[in-house]
Amino acid sequence: MNDGPVQLTPRDVVDATADRSPDGIAQVALIEPALDATAVRRRLAGREKLCSLDSASPDAERGRYSFLCCDPFEWFESPIDDPTGFDRLAEAWRKYAAVPHANDLPPFQGGAAGALSYDLAHRFERLPRPRFDDFALPVVAMGLYDVVIAFDRLANRTWIVSQGFPETEPSRRRDRAKARMDETIRLLFDESDLPAKRLDRTPRVGLSSPSFAIDPRMPELRSDFDEAGYIAAVERAREYVFAGDIFQVNLSQRLTHSFDGDPLGLYETLCEANPAPFAAYLDAGEFQILSASPERFLQVQNGWVETRPIKGTRRRLHREPADLYLRDDLVTSAKDRAENVMIVDLMRNDLSRVCLPQSVRVTALCKLETYQYVQHLVSAVEGRLSPGNDPWTLLAASFPGGSITGAPKVRAMEIVAELEPTARGFYCGSAGYVGFDGWSDLSILIRTLTAAGGQLQLPAGGGITAGSDPHREYEETWHKARGLLQAIRVHAAGLNQGSL
C-alpha cells in the first residue's frame, strides 16, 4: 500500500511554451527523458478525480501513449434513474470543442475523461430495470480536464498540455493555461509533500442479490450464479436463439470479493500481471474503476472512426504445444468465427447511423490477438463521421458496444436484463477520453474491477449462440476472470507480507 506521495527526481523541463499549441493559447511542456507513469500516478494519487488511461501493449499503434489527468474543472455523475448526465456532459463539452488538434502532440490534449456504465443504455433504449442494484453506481462518471499529462513510450517523452479552460476569453484563458501549467510542474517536482491519498470509506454493502460461495480457496469470493444456475441461464439463452429472438447474447456472472485495501495498489498489480492496451484507473471518490481491457470500443481521429470488437476466446496455458493447439482451435472454430462476424455486422450498422454512406468498411476480420491469460479473435470496422456528428452522437448511436450485448442489440439487452440477476454497473460500459478537438478513444470495460462499498466487483461473461456448450461457456467465464483473481491474490499476499 502506498504510504504517501512519491518524490520524482527534478529534471529540466525542455520546453514550456504556447508556440506548439495550434491556437497559440494553450501551454505545452516537453519533459525529456520521460517521467515514469507509475511514479506520477502515485505522486498525484491524492488529487481529485484522478483518471489514468494506460497502455501496456507491445503493439506500436495501440501501446504508444498513456495519459493522466486530475482536478477536473467540471465533473458529471448521474444515477441510473436520471441518465441525463450524459446529455449535460456532451452539452458542456461542446462549449469548448473548437480547439484545433496538434498533430505533433499525443492524441489526448484535454477534454472529457472517465467512465460510462453499461446501464447508461437506459438513456438510449427502453429496457427492463435490473432486478437488483446493490451498489447503485452512477451511469456517468466523467470530468472535463483542462490539463493532461501524456507519456510517449516510443519517443521516451512526457508532455503536459494545459488548455486554460473553463476560461474562454483568449487573454484570460492564456493566463489560466500558464498558471495551471506552473501548478502542474510544481506538483510533479516540488519537494514539499503532497497530501497523502485519502480513501473514502463507504459503509460495506450488504448484498440483497443472489450470492453463492463458489471457490473454497477464496472463501470471500461470491457469485450471483452457482454453476447450475449459470448453465440454466445459458440454456435459456439458447432457447431464445432457437426461437428466432436473437442470434447471440452476452451472458455474465458477477463475482464479488470483500476489499478494504488500496485500489491504486491493486490496479498496479493488475496491470503488471495483465498488460493491456486499454487499461484505466478512475478514482471517483466513493468508488474506483480498475480495468485491464484489451478491447477498443470507439476511436475517433480526424473524423475517422474505428471500432475493434472481440468475439471468440481461448485460455492460455503457457505450454507451447497446448497453447498452439488452443490457438488453432480458436482460429478454425466455425462457432467463434460466426459469433465474431455477427458483431461485426452489428457494429457496421451502428456506425452507419452517424457515418457517411459508403465509408463504413471492415478492415480486419477475426484476427488473432494474444494476452497473458487468454487469446481472442478481433475484428476492426471503420467509417467517417458525417457532417453534424461528433463523438457524443457516435456514442449515442453505438452504446453499449455490441460485443458485450449480442445481436440484435436491443432484444439481447432485454434478455440480459431477464437472465442476469444484478446490474452490470461499469462492467461492459466504457472508459477513455473525448478530446476538445474531437479526437477520442474509448474502451469496452471488460477485465474490470470496481471497488465500492467494501467490495470488489469483477464480472465475467461470454457470447451465447446456438452452438454454445453450457458447461464450456461457464468455464470460459473463469478463464476471463483468472487474471483479475490472480491480481487480488497477489495484492493480498503483498499486503499480508508487508504487515509481518
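These are my notebook entries on one three-stranded sheet and one loop residue of a predicted model.

**Conventions.** I worked on a predicted model in which local features need pLDDT of at least 70 and side-chain atom pairs count only at pLDDT 80 or more, while totals for chains, interfaces and linings use all residues. I number residues from 1 along each chain as its sequence is written, and side-chain values use heavy atoms, with hydrogens and water left out.

**Sheet.** I looked up the strand order and found an open antiparallel sheet, β21-β12-β26. Strands (E, at least two residues) and helices (H or I, at least four) are DSSP runs numbered from the N terminus; two strands pair if DSSP finds at least two bridges between them. I noted that β21 (406–407) and β26 (460–464) are the edge strands, each with a single partner, so one side of each has no neighbour in the sheet.

**Pairing of β12.** I traced β12 (residues 248–253) against β26 and found five antiparallel bridges, with S252 bridged to G461 of β26. Helix α10 (residues 409–419) packs on the sheet and touches β12 and β21 (contact: heavy atoms within 4.5 Å). The direction of α10 makes about 30 degrees with that of β12 (axes are lines fitted to C-alpha atoms, for helices over the stretch in contact; angles run from 0 to 180 degrees between N-to-C directions). I found two antiparallel bridges between β12 and β21, and Q248 has A407 of β21 as its bridge partner.

**Burial.** I checked β12 for accessibility: six of its six residues are buried, so the strand is largely enclosed by the rest of the structure (buried: under 20% relative accessible area, exposed over 50%, partly exposed in between; 1.4 Å probe, protein chains only). Q248, N250 and S252 point one way, and V249, L251 and Q253 the other.

**L35.** I located L35 in the loop between β2 (27–31) and α1 (37–43). L35 counts as buried because its relative accessibility is 5%.
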